[in-house]
Amino acid sequence: MSLNSENLPDLALLDILHLHIKPNYDLVWDLQTIVGRIRTGSGQFQLQIQNRGNTDRQLRFNPREEGEVENCLYTLMPDEFRLLPEESVEMSVEVMPKHWWYRPWWGRGRLFEFYLEPQDLHRLPLPQDRINGTLIWEPRPWWQLLVACLLGLGAIAALIFAIWSVFFKPPTPPRILEFRSESLNYAAANDDFIYLGWVIGPPTREIRAIEIVGKSPDGSISSAAVTYDFSRGIPDELASLCTLEQVLRCYNIRTDARRPGEYIFELRLFPKQDIDNIQLAKTSLIRIEPLPIPQITNFTARLSSQQRRELPPEQVDNPRANNNSLPNSGFFSDPEPMIAQLSFQVLHGAQVETLTLVGRSPDGFVNFPQKTYTVSPDEFSEDLLGPCQVDWDGILTCRGLSLQLEKPDTYIFELQVISSDSPAEVADSRKADPIVWEPPPPPRITTFASRKATYRVGEQQQIEFQWVIDNAAQLQQLELRSLSPEGLVNFPKITYRFDGQIPQALQDKCQVTGKQLVCDNIAISLPDPGRYNFELTAIQRSRLAETEPSRQIHAIAIQPPLAPEITNFQAETSNSQTGTNPIRLNWNIKNPQHLLGVRIIGRSPEGIVTVPEVLYPFNGSIPPVLQNNCQLNAEQLTCRNVPTSAQEPGDYIFELIPVNQSNLAANATSVKSDRIRIRPRPVAPPQINNFQINGEDAPLKYVVIIDPETSPSPLNLSWEVSGSGDLQTELLPVPGVVPNRGNLTYPIAPQSGQDTLTLRVTNTDGKQVQRSILIERVLLPQPEPAPLISPDSDTPDSDTPDSDTPSGRQLTPFSPELESNPWDLIDNPPPFN
């Protein structure tokens, strides 16, 4: 501890003190309920604990219940923690009931009372020994009680049913002991029917009727239902097939099922007493094998020779003659059709109803439409009369069945056989090996160019292209278009169709040489300036196999006409004076052919317009106002000493802006001049004619003696200034701006000190003149009281003052530098005014 003195700051007292602070064990806690009523889940509580004492506390909380058995599970987070002074902590408490059957069915719910038992691990005192809490477990919802009631009623009903089954159930009706087919496999070739048999157990006297129905595996009826009446015993139609003793046995009962297929028969037993108690039995799956299925044993396909069309030798050697004959030569035409020869052999041909042929490409698309041929004895397709026949063994043989193909492609033919026994199903199918009709090579662009890569508007009128296309006989049309660098169409598409001949627009520009189409000097109008990616696309004929069209791109730049270019722009002089000639400008402009005019505008260095814009029109000639200043020829426009309206003093920056004649020209660039200055005329500096204090010229230093017993008199200031233009006169520090001629009273403070007065004059050119006065205030000291003198004293009277100073001595005014005794005498007092 350090003690400091206010009277003697340099002194300090250091000592060691021992302080004893009484411990404070104040704790505050509050158990807040977050979720106090629950249906499912757990209750949520929050215990807020604050250490308001001055000691560290190490606390633990233990959940407890009043009874001996805990009904809930408790989760405390945290259950133990350290609490510093003035620190608080929040502990979450989760309470969950243990046993689900403790939950009440109705009422206000079950109440669980618990408490938290605090424990200080350092055995410090606690404010309470327990913190009470309450959790309410709400009763179950009404539907759970309803379910419990229903379960109870179900148990009672099950008991009643068991008693009825044992003591009151009626006697057992007759039942089916066996129901089967005499065989599970039959053959349609043997004209077989399905035969059934069954055995029905006692009591046989209770049999009223039996119904038999045949169904397919999918459930549809395939054999009509037959009902036998046993109400009066065995019916007559079954008398020879059934026996009735203790059980009813019936065998070899023929049905009407004879068509090939699969059957499942059902037997329904109708009792006499309980008519609703109908028994049902089913046979296993019974199959009637169909007639022999036609089978394809061989299937081949081949392609006949292709007919080619070639030009006569004299046309190949004479391209010009070839070109003249093109309109009627059919050079640009589809290839001749091809013939596919098919051969196949089918066993059990007598069972064939129809034949189906279809052609597909390797990727599965149909390229030859399906054709169907009838092969039944009653109707035989005319297309099969020549190449096909059925021998005595029932083998159908076809050789050289011709099919006309439409376009080059790869064909995979598939033969399908439809049996007369199952006309809705394909009995057999087979694919032949692929046959390939090689298409002629598609047209291909080998050359696509223009005479120049760059054109300029005004110098050329059109673009001339040339191209060479191989395999031109397969050419359907040519498309010429242009795309911008961004991929947008910037030139309309031009289409040339080759419908058997060269189009009329290309008759005198193109010729056929061998297999090539050569075109030259194909002219199009010159488009607007820009970059063009001209694309030539050769599209082949539609009957050929689909391939990607041949494309070539040729880039061409269309440049705008040359824009006017400023080569020189400056003022005649960059520094002048007000009153002389205005600012004059000189400039040179190249490429004036497309110059519509020039705009001149003057601004300050800050960008403020100081000279309004002026437009001089140059539409192929010099305007009248500049006839004496400008010369114009094909290469350059030269202008000298062009006057402006700038005459006021200041700085100017002129901008020369060319105006283009057409938007086809490139944007011309404006040019700014260097800074041009107009100086103002020189102005004479201002003058201070007089500056007086109390009617006398003011000295550099003015001393005022202040008598402490009287109030000081103010000073009377007067002044007069002169100069050309507007003047600003200031008296500083106060009052500031004053008239050019005037006077005022300046008060004197009754204390020692110094004041500086400055008279300053400023003209419009910023020239200044000023005069300053230092006013020093001197305060006289208080007179000392006269000492008491006895009448007998010979000492002179001290009250008699000296003629020059009080008490016969000169006193100096107060000065802050005289700290020891400010009232010491001084030898040379300041003079009085």
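Let's start at one spot where a charge meets a ring: the charged end of Arg254 sits over the ring of Phe193, 4.4 Å from its centre. Keep in mind as you look around that this is a predicted model. A similar arrangement can be found at Tyr115, where Arg130 lies over the face of the ring, at 3.7 Å from the ring centre.

Now step back and take in the whole protein. Its secondary structure comes to 3 helices and 58 strands. The chain has 833 residues, and 36% of them count as buried. If you take the contacts between residues at least 6 apart in sequence, 65% of them join residues at least 24 apart.

With so many strands to choose from, a good place to begin is an open sheet of 4 strands, which follow the order E3-E5-E9-E7 with antiparallel pairing. At its edges you will find strand E3 (27–35) and strand E7 (72–77), each of which pairs on one side only. On average, and with direction ignored, neighbouring strands of this sheet are turned by 20 degrees against each other. As a general point, strands of a sheet pair through backbone hydrogen bonds, either parallel or antiparallel. Here E3 and E5 pair in the antiparallel sense over 8 bridges, and you can pick out Trp29 standing opposite Ile49 in E5.

Just before E5 there is a residue worth a visit. Ser42 lies in the loop between strand E4 (37–38) and strand E5 (43–51). Is Ser42 buried or exposed? Buried means under 20% relative accessible area, so at 13% relative accessibility Ser42 counts as buried. Its side chain makes polar contacts with two others: one of 3.2 Å with the side chain of Gln44, and one of 2.9 Å with the side chain of Glu94. Leaving aside neighbours within four places in sequence, Ser42 is in contact with Val35, Glu94, Val95 and Met96.

Next, follow the aromatic rings. A pair of aromatic rings is described by the distance of the centres and the angle of the planes. The structure holds 17 aromatic pairs. One of them joins Phe299 and Phe344 edge-to-face, at 6.1 Å centre to centre and with 70 degrees between the planes. Phe299 lies in strand E22 (residues 295–303) and Phe344 in strand E23 (residues 338–347), so this pair ties together parts that are 45 residues apart in sequence. Both Phe299 and Phe344 are buried.

Another edge-to-face pair is made by Phe491 and Phe534, at 5.4 Å centre to centre and with 65 degrees between the planes. This pair too links distant parts of the chain, with Phe491 in strand E35 (residues 489–497) and Phe534 in strand E38 (residues 530–540), 43 residues apart. Phe491 is buried, as is Phe534. These two rings also belong to a cluster, in which ring pairs link Phe448, Phe465, Trp467, Phe491, Tyr496, Tyr532 and Phe534.

Our last stop is further along the chain, at another open sheet. Its 4 strands have the order E51-E50-E53-E56, and the pairing is antiparallel. Strand E51 (696–697) and strand E56 (741–746) stand at the edges with a single partner strand each, so one side of each is left without a neighbour in the sheet. For E51 that partner is strand E50 (residues 687–693), and the two pair in the antiparallel sense over 2 bridges. Look there for Gln692, which stands opposite Asp697 in E51.

Definitions and conventions. Residues numbered from 1 in each chain as written. Predicted model: local features only at pLDDT ≥ 70, side-chain atom pairs only at ≥ 80, totals over all residues. Heavy atoms only, no water. Phe/Tyr/Trp six-rings, centres within 6.5 Å; stacked < 30°, edge-to-face > 60°. Buried < 20%, exposed > 50% of the residue type's maximum accessible area, 1.4 Å probe, protein only. Lys NZ or Arg CZ within 6 Å of the ring centre and 35° of its normal. Polar contact = N/O pair within 3.5 Å; in protein donor to acceptor, adjacent residues only side chain to side chain. Contact = heavy atoms within 4.5 Å. Pairing = 2+ DSSP bridges. Axes fitted to C-alpha atoms, helices over the stretch in contact; angles between N-to-C directions.
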